[in-house]
Amino acid sequence: MTDESIEGRVLRRHPDIREEVTRSADFQQWKDSLPSVVIDGELLFLPGGDVPRDEDQLIYSWALQHGVLTETDARAALED
């Protein structure tokens, strides 16, 4: 994927969230347990169903689900 995803844009504007999530042992264990596939040279994960996700999308989803990121903060990051 050459275009930056919405999730990637939010995380670029909140690098502290990316750092917090990626340092989490629980996140790493979950990510490592996911099936993955390489498409066009990019490692993608299959967290549920058959829609591949990049690492930014995994981090974003984890951050929302675990209260590290709020929907309000995510929306505000996209408005800047």
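Let me start at the loop between strand E1, residues 36-39, and strand E2, residues 42-45, where Asp40 is found. This is a predicted model, so what I say about Asp40 and everything after it rests on a prediction. Asp40 has a positive phi of about 50°, although it is not a glycine. For background, most residues other than glycine have a negative phi. As for its surroundings, Asp40 counts as exposed, at 79% relative accessibility.

From the loop I move to Lys31, which lies in helix H3. Is Lys31 buried or exposed? Buried: its relative accessible area is 13%, and the cut-off for buried is under 20%. Leaving aside neighbours within four places in sequence, Lys31 is in contact with Phe45, Glu55 and Leu58. With one of these, Glu55, there is a salt bridge, 3.0 Å from N to O. That pair links distant parts of the chain, since Lys31 sits in H3, residues 25-33, and Glu55 sits in helix H4, 24 residues away. Glu55 itself counts as partly exposed, at 32% relative accessibility.

On to the other salt bridges. How many does a search of the whole structure find? It finds four. I have just described one, between Lys31 and Glu55, and I will take two others.

One joins the side chains of Asp56 and Arg18, at 2.5 Å from N to O. Asp56 lies in helix H4 and Arg18 in helix H2, so this bridge ties together parts of the chain that are 38 residues apart in sequence. Asp56 is buried, with a relative accessible area of 19%. The cut-off is under 20%, so please read that label with the number beside it. Arg18 counts as partly exposed, at 27% relative accessibility.

The other is between Arg12 and Glu4, with the closest N and O atoms 2.9 Å apart. Here Arg12 is partly exposed, with a relative accessible area of 48%, and Glu4 is partly exposed too, at 39%.

Now the helix packing, beginning with H2 and H4. At what angle do the axes of H2 and H4 cross? They cross at roughly 85° and come within 10 Å. H2 and H4 are therefore roughly perpendicular to each other. On the H2 side the residues involved are Ile17, Arg18, Val21 and Thr22, and these meet Glu55, Asp56, Ile59, Trp62 and Ala63 in H4. Arg18 and Asp56, the salt-bridge pair from a moment ago, both appear in that contact.

H1 and H2 pack at an angle of about 100°, with their axes 4 Å apart. That makes H1 roughly perpendicular to H2. The contact is made by Gly8, Leu11, Arg12 and Arg13 of H1, together with Pro15, Ile17 and Arg18 of H2.

Staying with H1, its buried residues include Glu7, Gly8, Val10 and Leu11. They lie on the same side of H1, because they cover an arc of only 160° around the axis. As a reminder, an α-helix has 3.6 residues a turn, so residues three or four places apart point the same way. The buried residues of H1 pack against H2, H4 and H5.

For H5, I will use Ala77, which is found in that helix. Ala77 is buried, with a relative accessible area of 2%. Leaving aside neighbours within four places in sequence, Ala77 is in contact with Val10, Arg13 and His14. Compare its position with Gln28: the two are 49 residues apart in sequence and 25 Å apart in space, C-alpha to C-alpha.

That leaves the core. In soluble globular proteins, nonpolar side chains tend to be buried together. In this model, the largest nonpolar core has 15 residues, of which Val10, Ile17, Val21, Phe27 and Leu69 touch the most other members. Which helices each supply at least two residues of this core? They are H1 (6-13), H2 (15-22), H4 (55-65) and H5 (71-79). H4 gives the most, with five residues.

Last, Val21. Not counting residues up to four places away in sequence, Val21 touches Phe27, Ile59, Trp62, Ala63 and Val68. Three of the names on that list, Ile59, Trp62 and Ala63, came up earlier on the H4 side of the contact with H2.

Notes: Residues are numbered from 1 along each chain as its sequence is written. This is a predicted model: local features need pLDDT of at least 70, side-chain atom pairs count only at pLDDT 80 or more; totals for chains, interfaces and linings use all residues. Side-chain values use heavy atoms; hydrogens and water are left out. A nonpolar core is a set of buried Ala, Val, Leu, Ile, Met, Phe, Trp, Tyr and Cys residues joined through side-chain atoms within 4.5 Å. Buried means under 20% relative accessible area, exposed over 50%, partly exposed in between (1.4 Å probe, protein chains only). Contact means heavy atoms within 4.5 Å. The arc is that of the directions from the helix axis to the C-beta atoms. Axes are lines fitted to C-alpha atoms, for helices over the stretch in contact, and angles run from 0 to 180 degrees between N-to-C directions. Angles under 35 degrees count as roughly parallel, over 145 as roughly antiparallel, 65 to 115 as roughly perpendicular and the rest as oblique.
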